[in-house]
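Here's a quick tour of a predicted model. Let's start with some charged side chains and then work inward.

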Amino acid sequence: LSFDEVEALLAQHKVQHWFAQLGIDASDAVLLFELLDDGDGAIRKEEFVMGITRIKGEARAQDLVPVMTNVQRILVQCKDIRRACETLATSMSTMGAPNHATSMA
């Protein structure tokens, strides 16, 4: 599903009622799309089912899902930065650049 498709679905009274029965606030299409999407701009069937399962129920759980999603994305970025730093450090050491730890001693 694209964002436009989700927005169109959420405009339907039956869909709003269904989400309400699950305890999900579907009044904000952008937020709901971001909660369900893995970042590729489309929601696959598996993403939808897993996302709805994660956010249904109490409002507190729904409030925490965006935080969890952002933390997971930040963690991936941190791991990428760490790998890049390690690669850079390795490249510098093979070029004969002084090691920061030994230059401080």
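## A charged cluster

Asp40 and Arg44 pair up through their side chains in a salt bridge, with N to O at 3.8 Å. Arg44 also meets Glu46 in a salt bridge, again 3.8 Å from N to O. As for exposure, Asp40 is partly exposed because its relative accessibility is 48%; Arg44 gets that label at 42%, and Glu46 at 47%.

## A pair along α5

Over in helix α5 (residues 59-94), Asp80 and Arg83 sit three residues apart, about one turn of the helix. They form a salt bridge whose closest N and O atoms are 2.5 Å apart. Asp80 has a relative accessible area of 40%, so it counts as partly exposed, and Arg83 is partly exposed too, at 48%. Back in the cluster, shared salt-bridge partners tie Asp38, Asp40, Arg44, Glu46 and Glu47 into one network. The total comes to six salt bridges.

## Asp37, buried without a partner

What about Asp37, in the loop between α3 and α4? This residue is buried but has no salt bridge: Arg73, the nearest side chain of opposite charge, is 5.1 Å away. A salt bridge needs the nitrogen within 4 Å of a carboxyl oxygen, so that pair misses out.

Polar atoms of the Asp37 side chain do lie 3.0 Å from the backbone nitrogen of Gly41 and 3.4 Å from that of Asp40. Contacts farther along the sequence include Ile43 and Glu47.

## The nonpolar core

The largest nonpolar core has 15 residues, and Leu10, Phe19, Ile24, Leu32, Leu36 and Ile55 touch the most other members. Helices α1, α2, α3 and α4 each chip in at least two residues, with α3 giving the most, five.

Notes: Residues numbered from 1 in each chain as written. Predicted model: local features only at pLDDT ≥ 70, side-chain atom pairs only at ≥ 80, totals over all residues. Heavy atoms only, no water. Core = buried A, V, L, I, M, F, W, Y, C linked by side-chain atoms within 4.5 Å. Buried < 20%, exposed > 50% of the residue type's maximum accessible area, 1.4 Å probe, protein only. Helix = DSSP H or I, 4+ residues; strand = E, 2+ residues; numbered from the N terminus. Lys, Arg positive; Asp, Glu negative; His and termini not counted. Polar contact = N/O pair within 3.5 Å; in protein donor to acceptor, adjacent residues only side chain to side chain. Contact = heavy atoms within 4.5 Å. Lists of a residue's contacts leave out its neighbours within four places in sequence.
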